Every structure is written in structure tokens, then in C-alpha cells.
Amino acid sequence: MTPHPESVAVVLEAGSQRVLARVSGEIDTDQAADLREELTAALAAGRTGLDVDLAGVTFCDSSGLHVLLDLHRLALQAGKTLVLTELSRPVDRLLHLTGAQRVLTVGARELTVSARRYGPTVHLTPAGRLDHDTRSAFEGVQGTLDGVDVVACDMQELTVLSLPGLHVLIDFVRQLDARGIAFFAYNWQHQPRRLLDLLDEQYPPADRPTRLLRRLQDFAAAARTAGAARAAAEPSVDRPPLRGTGADCPMPRA
């Protein structure tokens, strides 16, 4: 007797801009219609689009793929985006076998910003893609900033930064600066750091648009320069020569 396929389950998490749908189970012809209905409604509810987590999908055939492709088309028509945030091995294999990974967007979910406060310092951790206007993510941490002197921002999990997203970040830092709150960012990933460099190349150093984002980097560079200057100014100390077989290749004595 053939076992009955595991039914597909969808858990929805509504955010301020997007909806996250966590899908699990087996997606086949019998399940595809209900899945399409649920995800289409979730796409309509998201202001900027829908994120779909498929990590829990144990089986997916062509009917499930058609659901994803149709959702992608609907999202484009509505001026929204469909992002597959996580893929199980069966889904990943199906996308690569069919070439659908070149059509569907697979990547990190919508940006989130977590905040932890330690006295007068707040540590922020943006995670995901800052690739469009996501002011709401930073507005959500405003309540933690009263009485704060320093905001330290760990950029380790910021995987993608676009020009519109950069403007959002710069505006946030300018608001902090106007309130007398110092901002430091560190652990920049390659793509965001490269965008900062490309933008700054268009301006003289004094007018860099990203200068408020580079304080820690500039401080570290200044400290290294000062340290090198002090080392150069210190008088040299005569040291006894090393014993060895050559001036550049000292050998330890037995």
C-alpha cells in the first residue's frame, strides 16, 4: 500500500513591510492548489512582497515549481518581490535541474535590525538585504535610543547594500548625529564596503557622503598612522648581533 503523502503546511509571519511564509511537507499535484491560494493571499498582504522559507519541504515536483513561478509573475505585476529565503535539498535540486534558479530570487530575507542595550551604549545588528527603502526596520529601534551616547553597529550579517538602502542608513546616522549620539560601524562585508568605496570615489575626502559611516575605520587608520609616527620618532636601541650562519638567517644554538 502506498503511504499517503505528507500534507503541506504553511505558517505565516506578518511584518511591517513583508510577509514571511514558512512552508513544510510535500508539495505535489494534490497540495499545489491549496499552497497557491495561501501564498497568493500572503503576497497580497505584504506591502513590498513575500519571503518564502522552503527549508522544511521534503518533496517538490513540477506542480510546486509552477506555484513559485506564478507567484513570481504576480509579484512583478504588483510591483513587489518574491524571495526564497531558504531551500531544502529537494527544492534546491529541482531549481537547478530546471534552471529556475536563474528566474526566481534566492537570498536572505527582508532586513531585520536587532538591538541590545548596555547602559549608554546600544549595539545594533542589521541582518539580511538592505536593498531598497526599509526605513521601518531602523524606526523599530528608535525606542531603545533615549539617553544613549553611542550606537555600535555590527555589519557582519548585512549581506547586500544597494544605493537606496545606503541612503536609508545614512539618514539614520544623520538623525543620530543631530541628537549627539556617536555612531560606529564595523565588520563591513565585501559588497557593502565596495559600494561605500565606489560612492566616495566621486567626492573629495572632505565631502564623502559616507563619512559618518566610516568613523571607526577612520579612527583605526589614524591610530595606525599615529603609532607608526611614534615608532619612527623613538630613538633606536643598539642590540647585540644574532649568532648564526648568516646575517639574515639566524640559527639557534644547540
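**Group meeting: parallel strands and one aromatic pair**

I'll start with the sheet. Strand β2, residues 18-27, and strand β3, residues 49-60, run parallel and are joined by 9 bridges. One caution before I go on: this is a predicted model.

To place that pairing on the residues, take Ile27, whose bridge partner in β3 is Cys60. The connection between these strands involves helix α1, residues 29-45. Together, β2, α1 and β3 make a β-α-β unit, and that unit is right-handed.

Now the other neighbour of β3. Strand β4, covering residues 81-87, is parallel to β3, with 6 bridges between them. Here you can look at Val52, which stands opposite Leu84 in β4. Helix α2, residues 62-77, belongs to this part: β3, α2 and β4 form a right-handed β-α-β unit. So β3 takes part in both units, the one with β2 and α1 and the one with α2 and β4. If you are viewing side chains along these strands, remember that in a regular strand they alternate between the two faces of the sheet.

Next, the aromatics. How many aromatic pairs does the structure hold? It holds 1. The partners are Phe138 and Phe172, with ring centres 4.9 Å apart and 35° between the planes, which puts the pair in the tilted class. In sequence the two are 34 residues apart, and the pair links distant parts of the chain. Phe138 sits in helix α4, residues 135-139, while Phe172 sits in helix α5, residues 163-178.

Are these two rings' residues buried or exposed? Phe138 and Phe172 are both buried.

That's what I have for today.

Definitions and conventions. Residues are numbered from 1 along each chain as its sequence is written. This is a predicted model: local features need pLDDT of at least 70, side-chain atom pairs count only at pLDDT 80 or more; totals for chains, interfaces and linings use all residues. Side-chain values use heavy atoms; hydrogens and water are left out. Two strands pair if DSSP finds at least two bridges between them. Helices (H or I, at least four residues) and strands (E, at least two) are DSSP runs, numbered from the N terminus. A crossover is right-handed if, with the strands pointing away from the viewer, the path from the first strand over the helix to the second runs clockwise. Rings of Phe, Tyr and Trp (its six-membered ring) pair if their centres lie within 6.5 Å; planes under 30 degrees apart count as stacked, over 60 as edge-to-face and the rest as tilted. Buried means under 20% relative accessible area, exposed over 50%, partly exposed in between (1.4 Å probe, protein chains only).
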